[in-house]
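Me: I've got this one open on my screen and want to talk through its pockets and a few backbone oddities. Can we take it piece by piece?

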Amino acid sequence: MQEPDSSRIALTWSGEPGRLEELTHGMLLDQAERAAGALARLGVRAGDRVAVHLPLVPESVIATLACGRLEAIRTTLPVSLTVPELVARTRESSARVVITADAAFWDGAVRPVKPLLDHALARAAASGQTPVGTVLVVNRCSRPVSWKPGRDLWWHEALEGRTAACR
């Protein structure tokens with residue numbers, strides 16, 4: 001099988017409001033490799049679960065490729081889930097890392113993503129559920145976001161290797 005030309009467009013994403021992102025094969029593979037490195041530094045190994053609570057954005061694809069590189073299991077937590085549904089799905093997933101977004105644009109408005117996850121994780125912890133070790137936060141809307149030190153990390157900093165050592 002022939003390797004794809006690294007300069008060819010592999011992914012075109014069109015979002016709101018009028019936002020367009022294009023990633024070449026080389027860019028996509030580079031980001032997937034950096035994401036896999038970040039997950040590995042956070043202790044993710046083959047067979048571990050990584051929950052992805054993202055809207056349809058390029059980082060969702062990158063997370064999938066990163067999990068594949070590590071032979072980790074990607075579990076999807078749709079952003080449309082309610083807090084009780086998120087509590088149940090995080091419990092079922094046994095994920096050690098959750099990847100989420102600060103917020104997302106849809107239907108012409110900014111909708112919270114991480115605040116719902118935070119509420120669900122707090123409710124899960126109050127019920128005795130084993131807490132998620134790390135929440136990687138993708139900055140999609142540049143909005144203020146609640147932060148739990150020691151658990152929450154910025155996605156872009158993790159990919160640059162600027163995160164804490166393994167937990």
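**Pockets, a hairpin and two loops**

Reply: Sure. Glu21, Leu23, Gln31, Pro58, Glu59, Ile62, Val138, Asn139, Trp155, His156 and Leu159 line the second largest pocket. Keep in mind that this is a predicted model.

Me: Which elements each supply at least two residues of that lining of the second largest pocket?

Reply: The lining includes Glu21 and Leu23, and also Trp155, His156 and Leu159. Strand β2 covers 19–24 and helix α5 covers 155–159. Adding the helix between them, the elements that each supply at least two residues are β2, α2 and α5.

Me: How do the residues of the lining of the second largest pocket divide by class, and what is its volume?

Reply: Six of the lining residues are nonpolar, three are polar and two are charged. As for the space itself, the second largest pocket comes out at about 160 Å³.

Me: On to the largest pocket: which strand gives the most to its lining?

Reply: This pocket has a volume of about 180 Å³. Its lining counts 14 residues, and Phe105 is among the closest to the centre, along with Trp13, Glu16, Leu56 and Val57. Two strands, β1 (9–15) and β6, each supply at least two lining residues. With four residues, the one that gives the most is β6.

Me: And what's the mix by class in the lining of the largest pocket?

Reply: Charged residues do turn up, and Glu16 is one of those closest to the centre. The full split is nine nonpolar, two polar and three charged.

Me: Back to Phe105, then: what is its bridge partner in β7?

Reply: Strands β6 (residues 103–106) and β7 (residues 109–112) pair in the antiparallel sense, over four bridges. They form a hairpin with two residues between them, and Asp107 in that turn has a positive phi of about 55 degrees. Across the pair, the partner of Phe105 is Val110.

Me: Glu71 has a positive phi too, so is Glu71 buried or exposed?

Reply: Its phi is about 60 degrees, although Glu71 is not a glycine. Glu71 lies in the loop between α2 (58–70) and β4 (73–76). Its relative accessible area is 58%, and because the cut-off is over 50%, Glu71 counts as exposed.

Me: What about Ser142, buried or exposed?

Reply: Ser142 lies in the loop between β8 (134–138) and β9 (152–154). Its phi is near 50 degrees, positive in a residue other than glycine. Relative accessibility is 60%, so Ser142 is exposed.

Technical notes
Residues numbered from 1 in each chain as written. Predicted model: local features only at pLDDT ≥ 70, side-chain atom pairs only at ≥ 80, totals over all residues. Heavy atoms only, no water. Pairing = 2+ DSSP bridges. Buried < 20%, exposed > 50% of the residue type's maximum accessible area, 1.4 Å probe, protein only. 1 Å grid on protein atoms, 1.4 Å probe; cavity = no way out; pocket = protein on both sides within 12 Å on 5 of 7 lines; lining within 4 Å. Points joined across faces, edges and corners; volume = space filled by probe spheres on them. Nonpolar A, V, L, I, M, F, W, Y, C, P; charged D, E, K, R; others polar.
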